[in-house]
Amino acid sequence: MARLTLDHVTKSFADFDAVKDVSIDVGDGEFLAVLGPSGCGKTTLLRLVAGFEKVTSGEIRIGSDVVSGKGGSVAPEKRRVGIVFQNYALWPHMTVAENIGYSLKVAKLDKAVARRKVEDALALVNLQGLGDRRPANLSGGQRQRVALARCLVAAPSLVLFDEPLANLDVHLRASMEDEFAAFHKRTGTTIVYITHDQAEAMALADRIAVMDGGRLAQLATPRELYHEPANEMVASFISQGILLPADVLSAEQAGHCKVRVLGTELVVRCRAGERPRAGAKICCRASDLDVSPDGPGFDGLVKRVIYQGGAARIEFTPVAGADLILHFEQPDPVVLESGAQARLRIRSGWLIPAAGGAW
Ligand code: ATP
């Protein structure tokens, strides 16, 4: 197992920076997800760690070895990095056992030892007895497990997953998610897991690196990302936070600020050191809001109620902010109706930090 360090890593293609000044420290045995929208630089980051690309500036270290950067360079095959690809990348003409044992054969390992290692790897991914099959005769989930076993026999110090569930249907995704979590628990391998799926990242990762336009937007636990997003991008990308314009009036007791939102004063959670400022935003979650036909709060109009079974998606426009449309979910029983007047009470919120950068 090993620790992975990205130290101010930038990767440019011509004059375009696909990865910009990214610093991440992945602990020994940690499960890190790299999450972000299409084109944010996730795959480029993975290719840099694997060694398929060289950094333009900055440094990548695995353990104490500099693998890319001014301080040194290590060839991809010498990095002891295993990769599980989205499309499995299995050789169709080889059996499952041959696919898994290929790297051991290339390394000219004793045949009996190699066979035992292949069997152990098959057992680790619950594929005992399927060693003689060809990939074509396996399900998508089984193929993905062969890919995982193949990467494991080489005893990597670090495993990279490149959107490994993207080709699987919803039910299989959930069971493979469980298997990846069990695999991590059993082996304690350091994992970097690329995905654009928030639920997958949250279910699996110790910490998540959210990328935006090549930059690291925030590196935090799933809970921190949800409750304390570092900027507007993270607030809306993670579970579609509800953003409201706010002026910061004063700092209150530790971790709280008084803000004015839609003409009303409110105390919200914030980072330490916040000062009065105009033009800020707060992020609320559906559970922070009460909407009712006649309760306390701001007056507004329920523009639409889209019933979804067990909950409804509400579109709400406050009278005091007529250009704002707030989208949020309400659990059953849904008492609101499209076109009705209603009141919105904000029970709590989080002040989006001033700097907005990664922290
Ligand atoms: P997706 O989820 O769609 O795979 P991603 O987050 O993995 O996206 P990358 O594939 O890392 O994003 O690409 C980031 C940006 O860098 C994109 O704008 C892409 O077009 C650009 N890019 C990636 N590789 C190259 C390359 N070899 N040459 C030029 N531009 C590239």
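**Note on the predicted model: strands, ligand shell and domains**

1. Strand S10 (residues 207-212) pairs with S11 in the antiparallel sense, and five bridges hold the register. Within this pair, methionine 211 stands opposite leucine 216 of S11. The model is a predicted one, and the points below should be read on that footing.

2. S10 and S11 belong to an open sheet of six strands. The order is S7-S8-S9-S3-S10-S11, with mixed pairing. Strand S7 (81-84) and strand S11 (215-220) are the edge strands; each has a single partner strand, so one side of each lacks a neighbour in the sheet. On average, neighbouring strands here are turned by 20° against each other, direction ignored.

3. Strand S1 (residues 4-13) has two pairings to check. With S2 it runs antiparallel, joined by seven bridges. Threonine 5 of this pair stands opposite aspartate 25 in S2. With strand S4 (residues 57-62), S1 is also antiparallel, over five bridges. There, threonine 10 has serine 57 in S4 as its bridge partner.

4. The turn between S1 and S2 deserves a look. The two strands form a hairpin with two residues between them. One backbone value to inspect is at alanine 14, which takes a positive phi near 50°.

5. Now the ligand. The residues around the ligand are Phe13, Phe16, Ala18, Gly36, Ser38, Gly39, Cys40, Gly41, Lys42, Thr43, Thr44 and His196. By class, the shell has four nonpolar residues, seven polar and one charged.

6. Which elements each supply at least two residues of that shell? They are strand S2 (16-26) and helix H1 (42-50). H1 gives the most, with three residues. S2 thus appears twice in this note: in the shell around the ligand and in the antiparallel pair with S1.

7. At the level of the whole protein, there are eight helices and 21 strands. The chain is divided into domain 1 (4-227) and domain 2 (240-351). Their centres, taken over C-alpha atoms, are separated by 39 Å. The C-alpha trace of the protein spans about 75 × 50 × 40 Å along its principal axes.

8. Two overall figures complete the picture. Of the 359 residues in the protein, 39% are buried. Among contacts with a separation of 6 or more, 64% come from residues 24 or more positions apart.

How values were computed. Residues numbered from 1 in each chain as written. Predicted model: local features only at pLDDT ≥ 70, side-chain atom pairs only at ≥ 80, totals over all residues. Near = placed C-beta within 6 Å. Helix = DSSP H or I, 4+ residues; strand = E, 2+ residues; numbered from the N terminus. Nonpolar A, V, L, I, M, F, W, Y, C, P; charged D, E, K, R; others polar. Domains from an automatic or database assignment. Buried ≥ 20, exposed ≤ 12 C-beta atoms within 10 Å, placed from the backbone. Contact = placed C-beta atoms within 7 Å. Pairing = 2+ DSSP bridges. Axes fitted to C-alpha atoms, helices over the stretch in contact; angles between N-to-C directions.
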